[in-house]
Amino acid sequence: MEGELKELYNAILEGQRDVAKEKVEQALAGGVNPSEVLNAMVTAMGEVGRLFEEGEYFVPEMLIAARAMKTGMEILKPQLVDADIQPVGTIVAGTVKGDLHDIGKNLVCMMLEGAGFQVVDLGADVSPEAFVTAVKEHQPNFVAMSALLTTTMPNMQTTIDALKEAGVRDDVKVLIGGAPITDAYAEKIGADGYAADASRAVKVAKSLV
Ligand code: B1M
């Protein structure tokens, strides 16, 4: 990687969103292929994930890097659509019913987008019915649920049950996470995957796609 793309990579890594925006604009204006621009940003987010796992980056660094990536993506997205670049997979994501905590979920969504997934973010306090409707509409590869409260965790099970009732459970992989969630809980409710943090969520999603 060299020139503007290297500078874009560094801007994402350092969370400099204005520089990232400028570098994406310059690269596109200079005729660089949108997929190469995307690749530079995805590679940078991969490195952010690695630094987080190694304890060199913490949540704030990951958040500002993800925001820089998001700013770059906003400029790149129309070009990607034009170039017809296929996403790695589609994910319907949300924080479960009764739960308003969305910071972790947003971070997970940003990291997944950074890894090339198309994310349909339903927000927070998402009812099982809303998940079912979104699955029918978007036909995603994944349903990604977040819960931060022990009192709202059971709504993950309720949502899986609703997907079953609607006959769409087997059409998707269910990925769950959030501070009180464990591997054992994921297994208990019949989810397909659990991730402890945003970086691992990307790894699990990639391994399941
Ligand atoms: Co609330 N809150 N909160 N809160 N809050 C907690 C969760 C709590 C642990 C604080 C405490 O008591 N120590 C506690 C829960 C206790 C429990 O259930 N056992 C709690 C409580 C009790 C409450 C209220 C009930 C308080 C009240 O009103 N009495 C209330 C509930 C409101 C509701 O949801 N209905 C409430 C409200 C709020 C605020 C609105 C003020 C605010 C949320 C703002 C927002 O999100 N927009 C808030 C906050 C900020 C917190 C703490 C302090 C921080 C949460 C956070 O954003 N962390 C939290 C204490 C804590 O966690 N230390 C707390 C940073 C974020 C990056 O991490 O969300 O864990 P996290 O996400 C991580 C991983 O968990 C994982 O990846 C993320 C990034 O690495 N992950 C996934 C998350 N989702 C994933 C999905 C995946 C994979 C990985 O796959 C799909």
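Tutor: Buried means under 20% relative accessible area. Keep that cut-off handy as we look at this predicted model.

Student: What makes strand β1 mostly covered?

Tutor: In β1 (residues 90-95), six of its six residues are buried. Thr90, Val92 and Gly94 sit on one side, with Ile91, Ala93 and Thr95 on the other, and both faces are covered.

Student: Why do the residues split between two sides like that?

Tutor: Because side chains in a regular strand alternate between the two faces of the sheet.

Student: How do you know that β1 pairs with β3?

Tutor: Pairing takes at least two bridges, and β1 and β3 share five, in the parallel sense. So the two strands count as paired. Alanine 93 stands opposite alanine 144 there.

Student: And what joins β1 to β2?

Tutor: Four bridges, and the strands run parallel. Valine 92 has valine 120 in β2 as its bridge partner. The chain gets from β1 to β2 through α5, in a right-handed β-α-β crossover.

Student: Why are phenylalanine 117 and phenylalanine 142 called an edge-to-face pair?

Tutor: Ring centres must lie within 6.5 Å, and edge-to-face needs planes over 60 degrees apart. Here the values are 6.1 Å and 80 degrees, so the name fits. Phenylalanine 142 belongs to strand β3, while phenylalanine 117 is in the loop between α5 and β2.

Student: Why is arginine 169 called buried?

Tutor: Its relative accessibility is 9%, and the cut-off is under 20%, so arginine 169 counts as buried. The arginine 169 side chain also reaches the backbone oxygen of valine 172 at 2.9 Å.

Conventions:
Residues are numbered from 1 along each chain as its sequence is written. This is a predicted model: local features need pLDDT of at least 70, side-chain atom pairs count only at pLDDT 80 or more; totals for chains, interfaces and linings use all residues. Side-chain values use heavy atoms; hydrogens and water are left out. Rings of Phe, Tyr and Trp (its six-membered ring) pair if their centres lie within 6.5 Å; planes under 30 degrees apart count as stacked, over 60 as edge-to-face and the rest as tilted. Buried means under 20% relative accessible area, exposed over 50%, partly exposed in between (1.4 Å probe, protein chains only). A polar contact is a pair of N or O atoms within 3.5 Å; within protein, one must be able to donate a hydrogen and the other to accept it, and residues adjacent in sequence count only if both atoms are side-chain atoms. A crossover is right-handed if, with the strands pointing away from the viewer, the path from the first strand over the helix to the second runs clockwise.
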